[in-house]
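Hi,

Here is the structure I promised to pass on. Have a look at it first, and my notes on what turned up are underneath.

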Amino acid sequence: MLEAEKRFDPEEVIAEFEALTKDAKRVQVETLKKILKENSEAEYLKKWGLDGKTDPESYCSCVPLVTHKDLEPLIQQIADGSPHPILTVKPITTITLSSGTTQGKRKFVPFNDELTENTMQIYRTSYAFRNREFPIGNGKALSFIYGSKQFKTKGGLLAGTATTNVYRSEQFKKTMKDMQTPCCSPDEVIFGPDFQQSLYCHLLCGLIFRNEIQVISSTFAHSIVHSFRSFELVWEELCSDIKTGTLSARITVPTIRTAMAKMLKPNPELADKIHEKCSSLTNWYGLIEELFPNVKYIYGIMTGSMEPYLKKLRHYAGGIPLLSADYGSSEGWIGANVNPTRPPEMATFAVLPNIGYFEFIPLREIGSPESALVRVEPRPVGLTDVEVGEEYEVVVTSFAGLYRYRLGDVVKVVGFHNSTPELQFVCRRNLMPTINIDKNTEKDLQLSVEAAAKLLTAEKLEVVDFTSQVDLSSEPGHYVIFWEVSGDASDEILQDCCNCLDSTFVDAGYVSSRKVQAIGPLELKVLKKGSFQKILDHYVGLGSTLNQFKTPRCVGPVNQTVLNILCNNVEKSYMSGAFG
């Protein structure tokens, strides 16, 4: 007789996490030793002359810090089918594709089973802590998740987005079942070839199971907001489908139609109830809690570039708590949210010391803004040597062949959980190009937009989405902010918004440069409705997925297609008069 499968116990998961984090330094040394021993015959590591040494000191003195650009040729060799153990001894069988929204082009990143298991460990850990505060029973999740098409590289390796690689794994389905939140949508919807059709059917499945839905989630907050903005446009059609038991003609993919036909039965009573609730709402406030009465929380990554969507998400959520998901990237995971009651803006992530080897480059500035600002880059410090209150760039060594890899993320250490640090995500490093001695970050841009957007409330309007560009086509260069607004604002209000955007950048280098005209007046360009949908469609067309999409907050010259979409959809333009 087969032994019964071990039952998932959240308290046991927490106990394991507490044990791991009590002596994080020892766990880090063991983790690095394991990675280096497993891959001691990899060509990349042999090149740096480690000669079997696995201690952190030898490793950091022999192996250099790298960026993706440094490893790109090696990863390409792996994708092309090189038989040699280039980065890892165990063959890489899958390649992860980044979304391409940050740098303008998609990156290849090696992926293996260890990264899938790390993902499940992160999921189980954060769920265990969430379940203490927001316990859920057996139910379903309305998960706005999408699997992109996987394709084979020249060397026969499967390539797809990080989320696709995870969603297709058996471990993912088992973990979601263990966590009592299996997705309410069938696989045919999740892996459908048309994300608009999949989104419609996700919404339909959620409504069919509305009383069983306990969690609403997606990878990013943007995806949840986008889904309910879409709901506003199709809700009557969804009600009609439920009333008649017949799927809308807009769904043309045969596999999706077949899967949905098994679920969709005529239910006039449910259709009338949904219609009544939607008709009674004021400006869609509290939509989610009205549609899904048993939802305990809304879950997704809500930090960094997702923060601008929180206002709209709270509007839809009504009284339902927003919980920020964990901290990771296409390259792998870093930390779990073990303090789920904190608002998303204050979310922290405890680093799991056994899922990789982590280093942190301290970020300190010297010099005054008026002189050339110099970033001093001290040597990286270990996981347990970081200091509370300091900011660092994250460096990762993973089980999938990334060694001392600069992630490009800036984090702030806000405390410790036992001996492992709790991090707050600050921003992507070097995302905003500079014109003179200005050092604005993505966060500075977000704060400026938030301040200026408050002026729109007088006309009951909001900023749907935004991005920026540094325009160096004329002297002096200047910032360009692109806005899509929910309706028609007056020229007077938009001019005030433009002035406000310019004056609320508080970086000393920017302010002093503006005062002496070393940086020109900021320009606000207002876009036609649907412009950011066109940008989303562009990335999906490249093979990205809706749940992976992040609006690029600064569009550089390498991202010419997106720049063309923006420039071809400008309706109005305003120049700041904030500095005279």
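Before the notes, one term: a pocket here is an open set of grid points with protein on both sides within 12 Å along at least five of seven lines. Please also keep in mind that this is a predicted model.

With that in hand, the largest pocket holds about 1,000 Å³ of space. It is lined by 37 residues, and the closest to its centre are Arg229, Glu232, Lys312, Tyr316 and Val464. If you colour the lining by element, those that give two or more residues are α10 (195–208), α11 (221–244), α15 (310–317), β19 (463–471), β20 (478–485) and α19 (531–541). The most comes from α11, which supplies eight residues. As for chemistry, the lining splits into 15 nonpolar, 12 polar and 10 charged residues.

Two of those lining strands, β19 and β20, also belong to a sheet. It is an open one of four strands with mixed pairing, and the order is β19-β20-β21-β22. Because β19 and β22 (570–575) each have a single partner strand, they stand at the edges, and one side of each is left without a neighbour in the sheet. On average, neighbouring strands here are turned by 20° against each other, direction ignored. Inside the sheet, β20 and β21 (residues 523–527) run parallel and are joined by five bridges. To find that pairing on screen, look for Trp483, which stands opposite Val526 in β21.

Strand β20 comes up again with helix α18 (residues 508–515). Gly509, Tyr510, Ser512, Ser513 and Arg514 are buried in this helix, and the buried residues of α18 pack against β20 and α17 (491–503). Just after α18 comes Gln517, with a positive phi of about 60°.

One more residue to click on: Val413, in strand β17 (residues 405–417). Is Val413 buried or exposed? Its relative accessibility is 0%, so Val413 counts as buried; the cut-off for buried is under 20%. Beyond its neighbours within four places in sequence, Val413 is in contact with Val386, Glu387, Val388, Gly389, Glu390, Tyr392, Pro421, Glu422 and Leu423. For a sense of distance, Val413 and Lys34 are 379 residues apart in sequence and 27 Å apart in space, C-alpha to C-alpha.

Cheers

Technical notes
Residues are numbered from 1 along each chain as its sequence is written. This is a predicted model: local features need pLDDT of at least 70, side-chain atom pairs count only at pLDDT 80 or more; totals for chains, interfaces and linings use all residues. Side-chain values use heavy atoms; hydrogens and water are left out. On a 1 Å grid over the protein atoms alone, a cavity is a set of points where a 1.4 Å probe fits but cannot get out, and a pocket is an open set with protein on both sides within 12 Å along at least five of seven lines; lining residues have an atom within 4 Å of a point. Grid points are joined across faces, edges and corners, and a volume is the space filled by probe spheres set on the points. Ala, Val, Leu, Ile, Met, Phe, Trp, Tyr, Cys and Pro count as nonpolar, Asp, Glu, Lys and Arg as charged, and the others, Gly among them, as polar. Buried means under 20% relative accessible area, exposed over 50%, partly exposed in between (1.4 Å probe, protein chains only). Contact means heavy atoms within 4.5 Å. Two strands pair if DSSP finds at least two bridges between them. Axes are lines fitted to C-alpha atoms, for helices over the stretch in contact, and angles run from 0 to 180 degrees between N-to-C directions.
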